[in-house]
Amino acid sequence: MQRKSRSARRLRTSLLMCLGLAVSLSTALAQDKAILGAQSSGLNVNKPAHFPIWRTITLGTYKGVDDYRDAMDLARIKIGDAADEILGRPAFPYAKMKTDVELAVLSAAELGVESDESSLLEVYERARQAGLELCPAEVGPQLRLDYRSQPLGEALDIAMEPVATYRGDPTILTLVNWGTGLLLIGRDGRSESKVNRISRFVFALPTNGRLEAMRELQVVPTSSEQTNPARR
């Protein structure tokens, strides 16, 4: 019964994601105008900068993937197929104790990307130069549960180390509200994947201890992952 329920949920999620594309595209045009204005602030990505705290979340509130799935089911938050897969992968860590993480939101353009499209690697490198860090992977599901007031049409990519799906596709998480309910979906996490200049990312603000900032965009599956594709 649980498998049938999860399969039905995935089908509904796929339909909702298709319906939401039109809303997302119209919102992107409005975001582009706002970003052009933000670029005039003169952010210098060649040295560490000060960023206001957008939101503070606490990791470790939920104890692992099953707790997160149950909480999102209860909140009627949809989970895309790729996102659902990586939440249960061994390479997706969960905090064993409660940890506060301060977050900032910036677009690729606000990080200094001038071309219409850049690579995910370039966005991450520019963020690092500005003193930002990649988020622990758990920021994705925790923020999705916390951020219930997400504006219609908004999409926020979680700047994180990609986690491989069962097929080996590097994937990062995205929070969206396309008018059909809140969603947590996956997007291409390869270093060369294309990023539009208006795409907005959630980054972790630096702390005394490193969070989960990665040095290279690389996902190496363990031998057990390669030989046993079953969900854990």
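Okay, before we look at anything: when I say a residue is buried, I mean that its relative accessible area is under 20%. And keep in mind that this is a predicted model.

So, let's use that straight away on Phe201. This one has a relative accessible area of 0%, so Phe201 is buried. Now go to Phe203: also 0%, so Phe203 counts as buried too. Those two rings make an aromatic pair, with 6.1 Å from centre to centre. The planes sit 35 degrees apart, and the pair is a tilted one.

How many aromatic pairs turn up in a search of the whole structure? Six. There's also an aromatic cluster to find on your screens, made of Tyr62, Tyr68, Phe92 and Tyr94.

Hang on to Tyr68, because it takes us to helix 2, which runs over residues 65-74. Tyr68 is buried there, and so are Val65, Arg69, Ala71 and Met72. Why do we say these five are on the same side of helix 2? Because the arc they cover around the axis is only 165 degrees.

Turn the helix round and you get the other side, where Asp66, Asp70 and Leu74 are exposed. So yes, a leucine is in that exposed group, along with two aspartates. Then, just past the end of helix 2, have a look at Arg76, where phi is positive, at about 60 degrees.

One last stop, with another arginine. Arg55 lies over the face of Trp54, and the distance to the ring centre is 5.2 Å.

Conventions: Residues are numbered from 1 along each chain as its sequence is written. This is a predicted model: local features need pLDDT of at least 70, side-chain atom pairs count only at pLDDT 80 or more; totals for chains, interfaces and linings use all residues. Side-chain values use heavy atoms; hydrogens and water are left out. Buried means under 20% relative accessible area, exposed over 50%, partly exposed in between (1.4 Å probe, protein chains only). Helices (H or I, at least four residues) and strands (E, at least two) are DSSP runs, numbered from the N terminus. The arc is that of the directions from the helix axis to the C-beta atoms. Rings of Phe, Tyr and Trp (its six-membered ring) pair if their centres lie within 6.5 Å; planes under 30 degrees apart count as stacked, over 60 as edge-to-face and the rest as tilted. A charge sits over a ring if NZ of Lys or CZ of Arg is within 6 Å of the ring centre and within 35 degrees of the ring normal.
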